[in-house]
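Hi,

Here is the structure I promised to pass on. Have a look, and my notes on what turned up follow right below.

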Amino acid sequence: KWLLEGSLAECERVQGDIECMEGLEWKYEAVSQILQCSEAMADDYWLVSGDAQTASDNLANVLAPLYGHYIACRVRMSSLEEHYLTQQGEDLDEIREMIWEFGVEEEMVSAASLGRLNISASLSTLARMFQQCVPRLMSLFEGVGNFCDMTAAMAALLEEARMLILCACHLLTDECEGETPSIPDAVCNACQLGRPSGNDCLASIVNL
């Protein structure tokens with residue numbers, strides 16, 4: 001949490017110019033390592049099986065809250081960076097963009113494992129962020145008409161929406177090479193009718 005919030009504060013200080021962020025590389029690497037270690041624990045069969053319910057519950061209580069902190073900081077940082085790039089009339093070169101997309105993909109996969117430890121809370125967090133984003137997005141579409149130059153504020157909002165969609169896709173589906181993305185067992189189990197949180201999970205998915 002400290003690394004995420006510290007990186008966001010630094011990104012806000014430099015107004016999205018990530019090249020000027022202090023300690024950017026080691027902070028990103030540290031977050032990536034923490035997410036990967038957390039993913040390994042979250043996917044450990046013994047810890048998440050019914051035979052170790054106490055350990056599973058304790059793991060969820062410790063790790064699951066990290067998901068909300070991660071997506072809130074990651075979405076905001078991406079939005080700030082897009083605002084800066086558009087304002088400066090810059091674009092990431094093709095190689096840097098590929099590296100960035102690969103890094104984000106790895107982060108999202110790891111973060112999704114954390115989110116599935118408490119799927120109901122994770123869906124509620126995403127639904128709340130969508131509820132804040134979508135009205136602004138609708139106002140943007142209604143206000144610009146058919147032709148409009150892209151402003152930095154517009155680009156930042158579109159990036160925010162794109163990142164939220166990515167977060168939702170990774171949380172609710174698993175990528176299958178050459179096949180339709182599948183629904184993870186954790187999501188199916190959490191959404192079963194009759195479970196205490198089943199109705200809440202289904203309602204949160206509908207509200208995304």
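Counting contacts between residues at least 6 apart in sequence, 71% join residues at least 24 apart. Keep in mind that this is a predicted model, so everything here is computed from it.

As for the overall make-up, the protein has 10 helices and zero strands, so read along the sequence you simply get α-α-α-α-α-α-α-α-α-α. Of its 208 residues, 41% count as buried. The accessible surface is about 12100 Å², and carbon and sulfur atoms account for 55% of that.

Now the salt bridges, where I spent most of my time. Side chains of opposite charge can pair when their charged atoms come close. There are six salt bridges in the structure, and I'll go through some of them here.

Let's start with glutamate 12 and arginine 76, a salt bridge whose closest N and O atoms are 3.7 Å apart. This pair ties together distant parts of the chain: glutamate 12 sits in helix α1 (residues 2-13) and arginine 76 in helix α5 (residues 65-88), with their positions 64 residues apart in the numbering. How exposed are the two partners? Glutamate 12 has a relative accessible area of 39%, which makes it partly exposed, and arginine 76 is partly exposed too, with 37%.

Next come glutamate 160 and arginine 136, whose side chains meet in a salt bridge at 2.7 Å, N to O. Again distant parts of the chain are linked: glutamate 160 belongs to helix α8 (residues 152-172) and arginine 136 to helix α7 (residues 119-144), and the two are 24 residues apart. Is glutamate 160 buried or exposed? At 16% relative accessibility, glutamate 160 counts as buried, because the cut-off for buried is under 20%. Arginine 136, at 39%, counts as partly exposed.

While you are looking at glutamate 160, check phenylalanine 130 as well. Phenylalanine 130 is in helix α7 and is buried, with a relative accessible area of 11%. The C-alpha atoms of phenylalanine 130 and glutamate 160 are separated by 9.5 Å, and the two residues are 30 apart along the chain.

Then there is a salt bridge within a single helix: the side chains of glutamate 159 and arginine 162 meet at 3.0 Å, N to O. Both residues lie in helix α8, three residues apart, which is about one turn of the helix. Glutamate 159 counts as buried at 8% relative accessibility, whereas arginine 162 is partly exposed at 35%.

One more residue to click on is glutamate 10, back in helix α1. Which residues does glutamate 10 contact, leaving aside its neighbours within four places in sequence? They are Cys20, Met21 and Glu22. Glutamate 10 counts as buried, at 11% relative accessibility.

If you only have a minute, I'd open the views in this order:

- Glutamate 160 with arginine 136, linking helix α8 and helix α7.
- Glutamate 12 with arginine 76, linking helix α1 and helix α5.
- Glutamate 159 with arginine 162, both in helix α8.
- Glutamate 10 with its contacts Cys20, Met21 and Glu22.

Cheers

Technical notes
Residues numbered from 1 in each chain as written. Predicted model: local features only at pLDDT ≥ 70, side-chain atom pairs only at ≥ 80, totals over all residues. Heavy atoms only, no water. Salt bridge = Lys/Arg side-chain N within 4 Å of Asp/Glu carboxyl O. Helix = DSSP H or I, 4+ residues; strand = E, 2+ residues; numbered from the N terminus. Buried < 20%, exposed > 50% of the residue type's maximum accessible area, 1.4 Å probe, protein only. Contact = heavy atoms within 4.5 Å. Areas by Shrake-Rupley, 256 points an atom, 1.4 Å probe, with all protein chains shown as cover.
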